[in-house]
Amino acid sequence: MTIDLRSDTVTTPDERMRAAMAGAVVGDDVLDHDPTMRDLEEAIAELLGVPAALWVPSGSMGNLIALMLHLSRGDRFLAATGSHVLVNELGTASWLAGGAPSELAWDLAPGQFSVESLRAAVGGAQPYHGLRTTLLSLENTHNASGGTVTPPDRHAELVAAAREAGLRVHLDGARLWNASVALGLPPAALTVGADTVQVCLSKGLGAPVGSMVAGSTEFVQEARRVRKMLGGGVRQGGILAAAGLVALEQIDSLAVDHRNATLLADGLAELGWAVTPPQTNIVIAKVPDLAETLAQLQRIGVLAGPMSGYVRFVTHRDVSADDIKEVLARLDKE
Ligand SMILES: *Cc1c(COP(=O)(O)O)cnc(C)c1O
């Protein structure tokens, strides 16, 4: 049996989720408002501690909508090295939202930059030919660094420094749920002060499709227009929103994925791998030859992926502790 640890996006909807989708009450979400979409949007706004939220087909679209509304053409925006908005969205932050991206190096810890480097990056008053910096885009957990968590005090410090420098703040919370579970804090504790937040339903929570972008009521009104412009206005979206509502009931079970990630990391370390201890559900390991290791894993029926020069394993609801033990047993036999 192949054990797929490439991403938590490989999760498939279970029977309960499929039943909820089949039974969803629906309307036309473009003409008026699909009632199940509305339920999901209200539930998300409450969870994130913001006034309003909007369903979008993907996290990339959620981030793009936020960046389009925050940035004017030529505005500079800041994000940590390796951020999804910088490297995994086909350059749409520049191409479609018109922003000039600028990376903040991980000077504090993997995936984490300091307030000092944020302040230094913004700089003082610019000459007329200098770029205007208008946005900070945060990512929690930070994917490319191995699912690292930004705790609420550091988040607050960064938001305060951004505000002081006159920046708006977007939070890419594709895996904010994982940060929330790892810290034992409600998701709303991790969004404080952000203008906009994007969260994914289709990763570890198991929905087949869907993300949410959230913020003020005015932001969401505009976001609905931009979503339509980008082709993301769906009709009987309640079928998809019903999956999202079930997904939200599964947040606590991410703790199992985190335990499995630790189980995997400990086992790999025992086998001599150079692994970084995981904070959430992502395990990264440095290997001498990335392509060779991925091919070797594939030969023994274990799928992993490349991430910033590391092998990346992602645990999720469709792999059990026994599956992880099986991965380790197969590697031990090599
Ligand atoms: C997955 C992910 C997204 C959005 O991905 P989609 O595949 O477009 O849904 C955004 N940010 C981060 C950090 C992610 O990991």
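Trainee: Between which two helices does the loop holding glutamine 250 lie?

Mentor: Glutamine 250 sits in the loop that runs between helix H10 (238-248) and helix H11 (254-270), and please keep in mind that we are reading a predicted model.

Trainee: Is glutamine 250 buried or exposed?

Mentor: The general idea is that a residue counts as buried when its relative accessible area is under 20%. Glutamine 250 has 6% relative accessibility, and therefore it counts as buried. As for its partner, the side chain of glutamine 250 reaches the backbone oxygen of leucine 205 at 2.8 Å.

Trainee: How should I read glycine 82, and where is it placed?

Mentor: Glycine 82 is found in the loop between strand E3 (76-80) and H4. Its relative accessible area is 14%, so glycine 82 is buried as well. One can also look at a residue distant in sequence: glutamate 139 is 57 residues from glycine 82 along the chain, while their C-alpha atoms are separated by 9.9 Å.

Trainee: Is leucine 90 buried or exposed?

Mentor: Here the other cut-off applies, in that exposed means over 50% relative accessible area. Leucine 90, which belongs to the loop between helix H4 (84-87) and helix H5 (92-95), has 74% relative accessibility and therefore counts as exposed.

Trainee: Which residues form a nonpolar patch on the surface with Leu90?

Mentor: Trp95 and Leu96 join Leu90 in that patch, and the accessible area of these residues together is about 410 Å².

Trainee: Turning to the ligand, which residues around it come nearest?

Mentor: The general idea is to list every residue with a heavy atom within 4 Å of the molecule. In this structure 13 residues are around the ligand, and of these Gly59, Ser60, Asp172, Arg175 and Lys203 come nearest. By class, the shell is made up of one nonpolar, seven polar and five charged residues, and helix H3 (residues 59-70) gives the most to it, with three residues.

Trainee: Which atoms of glycine 59, serine 60 and arginine 175 lie by an oxygen atom of the ligand?

Mentor: For glycine 59 a backbone N or O atom lies 2.8 Å from an oxygen atom of the ligand. For serine 60, by contrast, a polar side-chain atom is involved, at 2.6 Å from an oxygen atom of the ligand, and for arginine 175 a polar side-chain atom lies 2.9 Å from an oxygen atom of the ligand.

Trainee: How much of the area that the ligand exposes when taken alone does the protein bury?

Mentor: Taken alone, the ligand exposes 380 Å², and the protein buries 84% of that area.

Key
Residues numbered from 1 in each chain as written. Predicted model: local features only at pLDDT ≥ 70, side-chain atom pairs only at ≥ 80, totals over all residues. Heavy atoms only, no water. Patch = residues over 30% accessible without salt bridge, like charges linked within 9 Å, V, L, I, M, F, W, Y side chains within 5 Å. Areas by Shrake-Rupley, 256 points an atom, 1.4 Å probe, with all protein chains shown as cover. Salt bridge = Lys/Arg side-chain N within 4 Å of Asp/Glu carboxyl O. Helix = DSSP H or I, 4+ residues; strand = E, 2+ residues; numbered from the N terminus. Buried < 20%, exposed > 50% of the residue type's maximum accessible area, 1.4 Å probe, protein only. Polar contact = N/O pair within 3.5 Å; in protein donor to acceptor, adjacent residues only side chain to side chain. Nonpolar A, V, L, I, M, F, W, Y, C, P; charged D, E, K, R; others polar.
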